Amino acid sequence: MDALTSVPAGYRWALTLVLVALIVGLSVTPGVARPDDNLFSWLYAGTPPTVQKVLHIIMYGLLAFLWMWTLAGIEPARLRLGIALLLTLGLGVALEWHQTRVPGRFGTLVDALLNAVGALIGVVVAVLMI
């Protein structure tokens with residue numbers, strides 16, 4: 001789609017890296033609500049587990065899509081797809097591992113698998129759209 005690929009590379013990189021920063025920020029925030037916590041931590045701690053699971057799929061799907069878009073100049077397409085999956089899944093696994101050390105958070109295989117499902121959906125959508 002020309003509208004997507006005509007966006008300057010700098011904007012693509014910026015948007016992708018902002019989402020990476022958001023995912024990292026959400027992942028390293030303690031999940032224990034305390035009276036002196038900021039609003040962000042309180043909202044996370046109050047988010048139902050089912051919503052958190054759905055957000056894994058959405059966020060990692062969007063991230064994989066953005067990596068495919070950002071790396072659109074890389075050919076062949078299989079290489080771009082592999083890089084996008086490696087970056088997305090690598091981040092997901094690393095953050096799940098890190099969450100085993102964050103108070104009130106639990107890195108789980110289920111969450112890593114949900115991240116992978118989202119990443120696969122994201123690259124499929126990107127292949128169809130870009």
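**An all-helix chain and its nonpolar core**

The protein chain contains 6 helices and 0 strands, where helices (H or I, at least four residues) and strands (E, at least two) are DSSP runs numbered from the N terminus. Read from that end, the elements follow the order α-α-α-α-α-α. The model is a predicted one, in which local features need pLDDT of at least 70 and side-chain atom pairs count only at pLDDT 80 or more, while totals for chains, interfaces and linings use all residues. Residues are numbered from 1 along each chain as its sequence is written, and side-chain values use heavy atoms, with hydrogens and water left out.

As for overall dimensions, the C-alpha trace spans about 50 × 25 × 20 Å along its principal axes. Of the 130 residues in the chain, 35% are buried, meaning under 20% relative accessible area with a 1.4 Å probe and protein chains only. Contacts (heavy atoms within 4.5 Å) often link distant parts of the sequence: among those with a separation of 6 or more, 73% join residues 24 or more positions apart.

A good place to start looking inside is the largest nonpolar core, which has 21 residues. Such a core is a set of buried Ala, Val, Leu, Ile, Met, Phe, Trp, Tyr and Cys residues joined through side-chain atoms within 4.5 Å. The members that touch the most others are Leu-19, Ile-23, Tyr-60, Leu-63, Trp-67, Leu-91 and Val-123. At least two core residues come from each of helix 2 (9-28), helix 4 (49-70), helix 5 (77-99) and helix 6 (109-129), with helix 4 giving the most, 9 residues. Leu-91 can serve as a viewpoint: leaving aside residues up to four places away in sequence, Leu-91 touches Val-20, Ile-23, Val-24, Tyr-60 and Leu-63.

Helix 6 also deserves a closer look. Its 21 residues should span 30 Å at 1.5 Å a residue, and this agrees with its end C-alpha atoms, which are 30 Å apart; the expected span is 1.5 Å times one less than the number of residues. The buried residues of helix 6 include Asp-111, Asn-115 and Gly-118, along with Leu-114 and Val-123. Helix 4 and helix 5 are the partners against which the buried residues of helix 6 pack.

One further detail lies in the loop between helix 4 and helix 5, where Pro-76 is found. The peptide bond from Glu-75 to Pro-76 is cis, with omega near 0°. In general, most peptide bonds are trans.

Terms used
Buried < 20%, exposed > 50% of the residue type's maximum accessible area, 1.4 Å probe, protein only.
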